[in-house]
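Student: Could you take a close look at the salt bridges of this chain and walk me through them?

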Amino acid sequence: MKKDEMKKTVTLEEAVVSEPAVPTILMSMGMDRIGIPLMRGQTIEDICNSQDIDPDEAMDRINEFIRNKKASKPVAANEGNNHERNSL
């Protein structure tokens with residue numbers, strides 16, 4: 001597992017704060033009742049296990065989404081440009 005990957009021990013609330021698409025990804029795997037307040041403090045692993053969803057597969061999908069999102073993020077025009085403008 002890479003350092004910047006989300007782990008299955010993260011709570012649902014922490015996961016959503018970090019990546020708002022997490023509920024959509026989990027629902028696409030068949031998860032329901034994701035909006036129940038009690039679930040916010042449960043780990044992704046516990047939530048998946050309670051709904052017969054493989055937590056490792058869920059994390060693979062979440063982390064793949066995050067990697068793809070980072071890979072497609074456009075670079076700002078001035079990002080990485082440390083050259084100072086010449087003043088006359």
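Tutor: Gladly; here is a walk through the salt bridges, pair by pair. This is a predicted model, in which local features need pLDDT of at least 70 and side-chain atom pairs count only at pLDDT 80 or more, while totals for chains, interfaces and linings use all residues. Residues are numbered from 1 along each chain as its sequence is written, and side-chain values use heavy atoms, leaving out hydrogens and water.

As a backdrop, the chain has four helices and zero strands (DSSP runs, H or I of at least four residues for helices, E of at least two for strands, numbered from the N terminus). A salt bridge is a side-chain nitrogen of Lys or Arg within 4 Å of a carboxyl oxygen of Asp or Glu, and by this rule there are seven.

Let's begin with R67 and E5, whose closest N and O atoms are 2.6 Å apart. This pair links distant parts of the chain, 62 residues apart: R67 sits in helix α4 (residues 55-71), E5 in the segment before α1 (12-18). R67 is partly exposed at 37% relative accessibility, whereas E5 is buried at 18% (buried means under 20% relative accessible area, exposed over 50%, partly exposed in between, with a 1.4 Å probe and protein chains only).

Next, E13 and R40 form a salt bridge at 3.9 Å, N to O. E13 belongs to helix α1 and R40 to the loop between α2 (22-28) and α3 (44-50), so this pair ties together parts 27 residues apart in sequence. E13 is partly exposed at 41%, and R40 is partly exposed at 46%.

R33 and D32 also pair, at 3.2 Å, N to O. Finally, K8, E45 and D56 are joined into one network by salt bridges that share partners.
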